[in-house]
Amino acid sequence: MTLETRIMKTGPIALMIFGEPGSGRNALSEEKYKKLAALFNEKGFDVDSVIYHDSIAHKLAKELTRYKAILVWVNPLEKGHDRKILDALLTELTDKGCFISAHPDTILKLGTKEVLYSLRETEFGGDIKLYRSFEDFKQKFLLSKELTGIRILKPYRGNGGNGVFKIDASNYKNNRIGLTHAKNADEERIVTIDDFFNEFEASFATNDMLIDQEWNHNITNGMVRCYLTGAKVTGFGYQEVNALYPGKSPSQRYYFSEDCGLFIDLRNIMETKWVPLLQEITGVKNEMLPVIWDADFFINKVNTEDTGKKYSLCEINASCVSPFPESAIPYIVEEVKNRLAL
């Protein structure tokens with residue numbers, strides 16, 4: 001029996017995207033996913049599109065048991081909804097034998113901002129602090145500001161710049177702190193110290209934490225996004241102007257294959273050293289790595305062969321990586337085939 005025949009016998013797969021019930025969204029025809037769906041079909045898979053919303057989670061819990069694999073594209077925050085209900089559903093489906101493209105346990109280890117703190121002492125890490133309580137934040141944040149300059153505050157989980165702030169406290173001794181939200185990078189608000197802490201107190205209301213990252217002035221060199229399937233690099237994206245770039249709005253991201261010579265040094269170091277080190281620190285084994293995930297890197301020093309000096313980690317995304325380079329599509333399909341054959 002061939003691998004393709006074995007897969008056909010295991011049942012269909014689903015591409016899950018977020019949407020309001022009745023919205024008409026269809027992953028099989030949407031630009032971001034239609035080529036992936038087409039290649040799955042070409043390789044012998046039956047593929048369905050599934051719309052996810054918290055309001056129909058109970059109904060989906062029964063319907064989704066028919067799928068052998070579910071590839072999920074739902075952000076940590078979607079129109080006021082977090083992923084708690086969805087993650088519980090996906091965990092339940094995994095326990096029943098369904099393969100999930102990014103297991104909720106893996107996302108917690110790999111795809112939250114806490115991983116930046118875990119990796120702070122690696123050669124691609126940076127000056128990262130973590131506050132697990134509001135009291136800790138209130139006592140220590142301004143101390144880090146005075147020593148290291150402008151900081152970036154990030155929530156434990158988030159996407160699209162939600163909850164990410166650039167903090168300029170250079171004038172805090174005069175009771176003035178500048179706040180710039182990543183989604184409104186050209187609008188700085190000046191607040192008092194009390195108002196500043198009052199604003200961030202809510203971040204700890206659900207036992208979450210805040211990640212405190214040093215501002216990287218090399219953001220003006222642009223940012224490279226390294227896409228991975230399992231432990232393999234499957235493509236790159238380069239964005240010259242990203243959120244919080246001084247004085248400019250974010251620009252388009254351009255995509256390149258895994259063989260692009262511009263980033264071959266990053267591919268080599270990721271596959272041979274940095275991904276294995278990341279796995280060692282987080283405890284995520286190969287079979288638990290997401291089918292599609294990415295790591296964003298600052299480009300600190302352009303003309304150097306020393307990757308440790310050239311790149312430093314900005315963040316890792318694992319919950320909802322889309323769009324992705326076309327070069328990643330064959331890797332995703334092959335990875336799903338291999339996982340289902342285990």
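Here is a friendly exchange about pockets, cores and two buried residues in this predicted model.

Biologist: Happy to look through this one with you! Which residues lie nearest the centre of the second largest pocket?

Modeller: Glad to help. The second largest pocket holds about 560 Å³ of space, and 24 residues line it. Helix H4 (84-95), helix H5 (104-110) and helix H8 (193-201) each give two or more residues to that lining. Nearest the centre are Leu-77, Pro-155, Arg-157, Thr-206 and Asp-208.

Biologist: Nice. How many residues of that lining are charged?

Modeller: The lining divides into three classes, with 12 nonpolar residues and 5 polar ones. The charged residues in the lining number 7.

Biologist: Let's turn to the interior. Which element gives the most to the largest nonpolar core?

Modeller: The largest nonpolar core has 35 residues, and Leu-266, Met-270, Trp-293, Phe-297 and Ile-316 have the most contacts inside it. Several elements supply at least two residues each, including strand S11 (223-229), strand S14 (293-299) and helix H9 (264-282). With 6 residues, the top contributor to this core is H9.

Biologist: How many residues are in the other core, which lies apart from it?

Modeller: That other core includes Tyr-33, Val-47, Ile-332 and Leu-340. Its residue count is 28.

Biologist: Back to Met-270, please. What does Met-270 touch, not counting residues up to four places away in sequence?

Modeller: Met-270 is one of the residues with the most contacts inside the largest nonpolar core. Leaving out residues up to four places away in sequence, Met-270 touches Cys-226, Leu-228, Val-233, Val-275, Pro-276, Ala-295 and Phe-297.

Biologist: Now Glu-335: is it buried or exposed?

Modeller: Glu-335 sits in helix H11 (residues 329-341). Beyond its neighbours within four places in sequence, Glu-335 is in contact with Thr-229, Gly-230 and Val-291. Its relative accessibility is 17%, and the cut-off is under 20%, so Glu-335 counts as buried.

Biologist: And why does Gly-237 count as buried?

Modeller: Gly-237 belongs to strand S12 (residues 232-239). Leaving aside neighbours within four places in sequence, Gly-237 is in contact with Met-223, Val-224, Arg-225, Tyr-227, Arg-253, Tyr-254 and Tyr-255. Gly-237 counts as buried because its relative accessibility is 1%.

Biologist: One last thing, then! How many Å apart in space are Gly-237 and Glu-188, C-alpha to C-alpha?

Modeller: Good one to finish on. In sequence, Gly-237 and Glu-188 are 49 residues apart. In space, their C-alpha to C-alpha distance is 28 Å.

Key
Residues are numbered from 1 along each chain as its sequence is written. This is a predicted model: local features need pLDDT of at least 70, side-chain atom pairs count only at pLDDT 80 or more; totals for chains, interfaces and linings use all residues. Side-chain values use heavy atoms; hydrogens and water are left out. On a 1 Å grid over the protein atoms alone, a cavity is a set of points where a 1.4 Å probe fits but cannot get out, and a pocket is an open set with protein on both sides within 12 Å along at least five of seven lines; lining residues have an atom within 4 Å of a point. Grid points are joined across faces, edges and corners, and a volume is the space filled by probe spheres set on the points. Helices (H or I, at least four residues) and strands (E, at least two) are DSSP runs, numbered from the N terminus. Ala, Val, Leu, Ile, Met, Phe, Trp, Tyr, Cys and Pro count as nonpolar, Asp, Glu, Lys and Arg as charged, and the others, Gly among them, as polar. Buried means under 20% relative accessible area, exposed over 50%, partly exposed in between (1.4 Å probe, protein chains only). Contact means heavy atoms within 4.5 Å. A nonpolar core is a set of buried Ala, Val, Leu, Ile, Met, Phe, Trp, Tyr and Cys residues joined through side-chain atoms within 4.5 Å.
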